[in-house]
Structure formats: structure tokens, C-alpha cells
Amino acid sequence: MNSYAPFIGPIKMQDAAVATGNGTAIRCVDGSNGAMTTVTCQVQGTFSATITFEGTVDNTNWVAIGFTSLADGTTTATTATPAGLFRATVLGLQQVRARVSGYVSGTCNVTGIAVG
């Protein structure tokens, strides 16, 4: 019998974003799936923008959190400007979002998945 970790997603956190905005958050605590431990985001598109990764415990106040670039596995930052794959530990957070905090041009997409 195969045993798979619970997951949520994929979720379109930013869908063809062409301006600053919060986008759609991923719930890291789900009644049917339990608590998620990691979130992986794929940032893609042709754009000049800044994506700020944020988390919340109280579902009201959002704080920047570090995501590690999977391109090198060592660079951790709270923002992303290039396209790529990024992962963070989210155990204990209620939600995570990829907010477009600065926008210049182009179209940005962010897709995320949470795994328990």
C-alpha cells in the first residue's frame, strides 16, 4: 500500500498579474489534510516585478518569510524577482501568499503547492 503525504494545490497564487496585489493565499492548516510543512512556489512569466513571500499566524497580519531558491538550494530570500522554484518551511503558519509588492511591466504567474 502506498502512503502519500497530504497536500493542498496546486493553487494559482498570482494569475497573470499585471499590477501589485496580494493574490490568493494557500491555507497551511486544513481540517481534512492537517498541517502542511512546506510550500513550494513556481514563479513564471515575462515580467519586471517583485514577489514578496509572506506568512500569517492570525490571518490578519502578514510578515515576510524566507523561501529558498531550488536552483541552488542555498539562497534564501523574502523576495523573488526572477522566475524560478522556491520552497519554505511553513509549519505553524495559517496561510502563505506570494504578493506582488512592486510592479513595472509584463505578466507574472505564481503557482503553489503545500505538502504535509
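Student: In this predicted model, what makes strand β2 and β11 count as paired?

Tutor: Strand β2, residues 26-27, and β11 run in the antiparallel sense and share two bridges. Pairing requires at least two bridges between the strands, so the two bridges of β2 and β11 meet the requirement. Within β11, Gln95 stands opposite Arg27.

Student: Which other strands pair with β11, and over how many bridges?

Tutor: Strand β5, residues 38-56, pairs with β11 in the antiparallel sense over 19 bridges. Thr52 stands opposite Arg99 of β11. Strand β1, residues 7-17, pairs with β11, residues 95-115, over six bridges, again in the antiparallel sense. Here the bridge partner of Phe7 is Val115 in β11.

Student: Why is Gln14 called buried?

Tutor: Gln14 has a relative accessibility of 7%. The term buried applies under 20%, and therefore Gln14, at 7%, counts as buried. Its place is in strand β1.

Student: Which residues does Gln14 touch, leaving aside those up to four places away in sequence?

Tutor: Gln14 touches Gly21, Asn22, Gly23, Ala98, Arg99, Val100, Cys108, Asn109 and Val110. As for Gly112, its C-alpha lies 9.3 Å from that of Gln14, although 98 residues separate the two in sequence.

Student: What makes the approach of Gln14 to the backbone oxygen of Gly21 a polar contact?

Tutor: A polar atom of the Gln14 side chain lies 3.2 Å from the backbone oxygen of Gly21. The cut-off is 3.5 Å, so the distance of 3.2 Å falls within it. The backbone oxygen of Asn22 lies 3.4 Å from a polar atom of the Gln14 side chain, and that distance also satisfies the 3.5 Å cut-off.

Student: How do you know that Cys28 is not in a disulfide?

Tutor: A disulfide is a covalent bond between the sulfur atoms of two cysteines. The cysteine sulfur closest to that of Cys28 belongs to Cys41, at 9.7 Å, which is too far for a bond. The sulfur atoms would have to lie within 2.5 Å, so Cys28 forms no disulfide. At 1% relative accessibility, Cys28 counts as buried.

Student: Why is Cys108 not bonded to Cys41?

Tutor: The sulfur of Cys41 is the closest cysteine sulfur to that of Cys108, yet the distance is 11 Å, too far for a bond. Cys108 is also buried, because its relative accessible area is 1%.

Student: How many disulfides does a search of the whole structure find?

Tutor: The search finds zero disulfides.

Definitions and conventions:
Residues numbered from 1 in each chain as written. Predicted model: local features only at pLDDT ≥ 70, side-chain atom pairs only at ≥ 80, totals over all residues. Heavy atoms only, no water. Helix = DSSP H or I, 4+ residues; strand = E, 2+ residues; numbered from the N terminus. Buried < 20%, exposed > 50% of the residue type's maximum accessible area, 1.4 Å probe, protein only. Contact = heavy atoms within 4.5 Å. Polar contact = N/O pair within 3.5 Å; in protein donor to acceptor, adjacent residues only side chain to side chain.
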